[in-house]
Amino acid sequence: MKHFQSILILPVLFLSSEMYAQDNDTIMKKIHEEYSYERILKNNINTNPANRLGSRKYHITVFNIFTQNNDTPNEIQQKGKGKNLWGAETRTHQILDPKTVVWGDASYSQGKNKQVVWNENADYDIIYPYVAADSVGGDMKFENYKFSGGYSKQINSFTVGITGSYKASLSYRDIDPRPKNTSATFSLALGANKIMFGKFKIGAYIEAEKYTQKHYLSFVSNQGFPMIYNMNGLGNYNELLSGKLREAYYEGWTYGGGLQIFEAENRSWYLTAGIKKFNLDKLLTEYADLNASNIDEQQFNFSLGKFFETGRISWGISAAGNHTQRKGTENLFLNDNSRNYIQIGSAEKYNHKVTNLVLKGLLEMEHRNAKSSFVPFFGLIQEKEKYNNPISTIDLSKLIYGADYQWLKTFTDQLALSVSMGISVTDFYKKIQSSILPGSLSFSR
């Protein structure tokens with residue numbers, strides 16, 4: 001069982017770009033909207049960029065400086081035992097006219113993942129289980145950059161939208177072993193919706209994403225270096241491709257789409273569903289771009305919610321679910337010599353299924369210049385991971401429950417204080433792990 005509790009007090013800086021006169025309480029209304037849990041719960045609708053029009057009542061520009069320092073002693077070794085970082089971000093949502101909206105954001109962060117072992121790559125959740133690994137590890141430093149923007153326009157009864165983003169990352173370690181990973185992600189989404197009977201909207205969108213990562217590992221010590229493993233999942237590794245392997249290139253594509261239906265005026269109810277397909281190849285650049293392995297992943301998701309308002313009290317309920325299945329295929333080779341590998345077949349050996357469902361409630365109460373928000377939640381997560389030969393399995397089921405609370409107090413038309421706190425509990429009610437057979441490493445994801 002894990003318990004987490006956090007209290008956060010943040011100064012708030014809002015920059016308004018309005019060119020016309022406004023009431024003294026307009027800035028405070030923007031702050032209330034920015035911190036509204038109800039708006040955040042409804043954010044799944046905005047996966048379709050056309051739905052950004054009408055998602056907010058006010059336009060706003062926000063600048064944040066943030067820092068994070070946490071310890072995660074129960075996290076898997078490949079992700080490290082915590083993270084230290086700092087960064088800055090700015091984002092804007094501008095309503096040009098009642099039928100047009102634009103938005104964008106930019107951010108930068110740097111820090112380190114602490115005590116990362118058995119993984120010398122970046123973006124573990126994207127490329128696993130096919131990572132380069134050794135037994136030494138250490139802190140992994142990183143720098144992240146992200147830019148995104150979008151546009152939505154209403155044309156008669158239709159609304160169209162487009163959004164794109166670019167993310168770049170550099171991760172490295174300045175002591176042996178010394179990985180250097182550069183990754184980039186570019187994504188684009190197109191969407192549209194149509195108002196029906198003047199009461200609700202039906203929308204659809206398509207999206208595509210390109211991911212790349214270049215990995216290079218070096219050593220300075222002349223006293224030798226540890227074995228470099230080409231991991232295949234659940235502690236198993238490819239013995240033929242392990243040893244002095246130092247370079248790799250990952251290339252992947254994601255395609256997806258989804259549907260939404262929601263109440264048009266206040267989005268008091270909504271239903272969304274989406275699907276994604278992800279494919280990733282791992283190429284060994286030291287061996288003439290030899291294709292070592294492939295990931296094929298499918299993801300299905302849905303969300304729904306219903307909200308009510310009575311005077312100064314708002315309440316509602318929402319649910320979100322996701323099912324992901326990742327399959328890993330290893331290519332089989334015949335090596336004539338140390339640099340000439342001939343592919344003779346392939347085998348699908350890795351399978352990872354994750355299913356989760358989260359229910360959330362909402363209660364918001366306003367009293368004069370203060371607003372209180374309470375969000376209890378309950379979730380179920382089931383995870384099954386298997387490697388076929390040698391047979392290795394992990395079967396986990398867990399419950400997550402807790403609550404988040406926020407208190408927002410406005411003192412003047414330009415001064416506000418937000419206090420947030422939360423607690424969550426994770427209970428494992430099913431945990432099965434098979435023994436890993438001799439010849440494999442004794443650790444697992």
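Student: Which residue in strand 14 is the bridge partner of tyrosine 255?

Tutor: Lysine 277 is the partner of tyrosine 255. Keep in mind that we're looking at a predicted model.

Student: What makes strand 13 and strand 14 a pair?

Tutor: Two strands pair if DSSP finds at least two bridges between them. Strand 13 and strand 14 (residues 269–284) have 14 bridges, so they qualify, in the antiparallel sense. The two strands form a hairpin with five residues between them. In that turn, arginine 267 has a positive phi of about 55°.

Student: And how do you know that strand 10 pairs with strand 13?

Tutor: By the same kind of count: 17 bridges join strand 10 (residues 200–218) to strand 13 (residues 247–263), against the required at least two, so they pair. They run antiparallel, and glutamine 213 has tyrosine 250 in strand 13 as its bridge partner.

Student: How many bridges join strand 11 to strand 12?

Tutor: Two bridges join strand 11 (residues 229–233) to strand 12. The cut-off is at least two, so this counts as a pair. These strands also run antiparallel, and methionine 231 stands opposite tyrosine 237 in strand 12.

Student: Why are strand 6 and strand 12 said to stand at the edges?

Tutor: Start with the sheet: it is an open one of three strands, in the order 6-11-12, with antiparallel pairing. Strand 6 (132–133) and strand 12 (236–237) each have a single partner strand, so one side of each is left without a neighbour in the sheet.

Student: Back to lysine 277. What makes its contact with aspartate 296 a salt bridge?

Tutor: The N to O distance is 2.8 Å. A side-chain nitrogen of Lys within 4 Å of a carboxyl oxygen of Asp is what the term asks for, so the pair passes. Aspartate 296 sits in strand 15 (residues 290–310) and lysine 277 in strand 14, 19 residues apart, so the salt bridge links distant parts of the chain.

Student: Why are both of those residues called partly exposed?

Tutor: Partly exposed lies between 20% and 50% relative accessible area. Aspartate 296 has 22%, so it falls in that range. Lysine 277 has 37%, so it does too.

Student: What about aspartate 71 and lysine 114: what makes them a salt bridge?

Tutor: Their closest N and O atoms are 2.6 Å apart, which is within 4 Å, so the label fits. Aspartate 71 lies in strand 3 (residues 60–71) and lysine 114 in strand 5 (residues 100–116), so the pair ties together parts that are 43 residues apart in sequence.

Student: Is aspartate 71 buried or exposed, and is lysine 114 buried or exposed?

Tutor: Aspartate 71 has a relative accessible area of 56%, and exposed means over 50%, so aspartate 71 is exposed. Lysine 114 has 13%, which is under 20%, so lysine 114 counts as buried.

Student: Why are glutamate 38 and lysine 42 both called buried?

Tutor: The cut-off is under 20%. Glutamate 38 has 17%, so it is buried, and lysine 42 has 11%, so it is buried as well. Their side chains meet in a salt bridge at 2.7 Å, N to O.

Student: How many salt bridges does a search of the whole structure find?

Tutor: The search finds 16. Some share partners, and these join Glu33, Glu34, Arg56, Glu89 and Arg91 into one network.

Student: What makes tyrosine 166 eligible for the nonpolar surface patch?

Tutor: A patch residue needs over 30% relative accessible area. Tyrosine 166, in strand 8, has 38%, so it clears that cut-off and counts as partly exposed. The patch covers about 850 Å², and its other members include Phe147, Ile162 and Leu188. Strand 7 (138–155), strand 8 (158–172) and strand 9 (178–196) each supply at least two of its residues.

Student: Last one: how do you know that the chain's radius of gyration agrees with a compact globule?

Tutor: With 445 residues, a compact globule would come out near 22 Å, and the chain has 24 Å, which agrees. The C-alpha trace spans about 75 × 45 × 45 Å along its principal axes, and buried residues make up 44% of the chain. The secondary structure comes to three helices and 20 strands.

Technical notes. Residues numbered from 1 in each chain as written. Predicted model: local features only at pLDDT ≥ 70, side-chain atom pairs only at ≥ 80, totals over all residues. Heavy atoms only, no water. Patch = residues over 30% accessible without salt bridge, like charges linked within 9 Å, V, L, I, M, F, W, Y side chains within 5 Å. Areas by Shrake-Rupley, 256 points an atom, 1.4 Å probe, with all protein chains shown as cover. Helix = DSSP H or I, 4+ residues; strand = E, 2+ residues; numbered from the N terminus. Buried < 20%, exposed > 50% of the residue type's maximum accessible area, 1.4 Å probe, protein only. Rg over C-alpha atoms; globule rule 2.2 N^0.38 Å.
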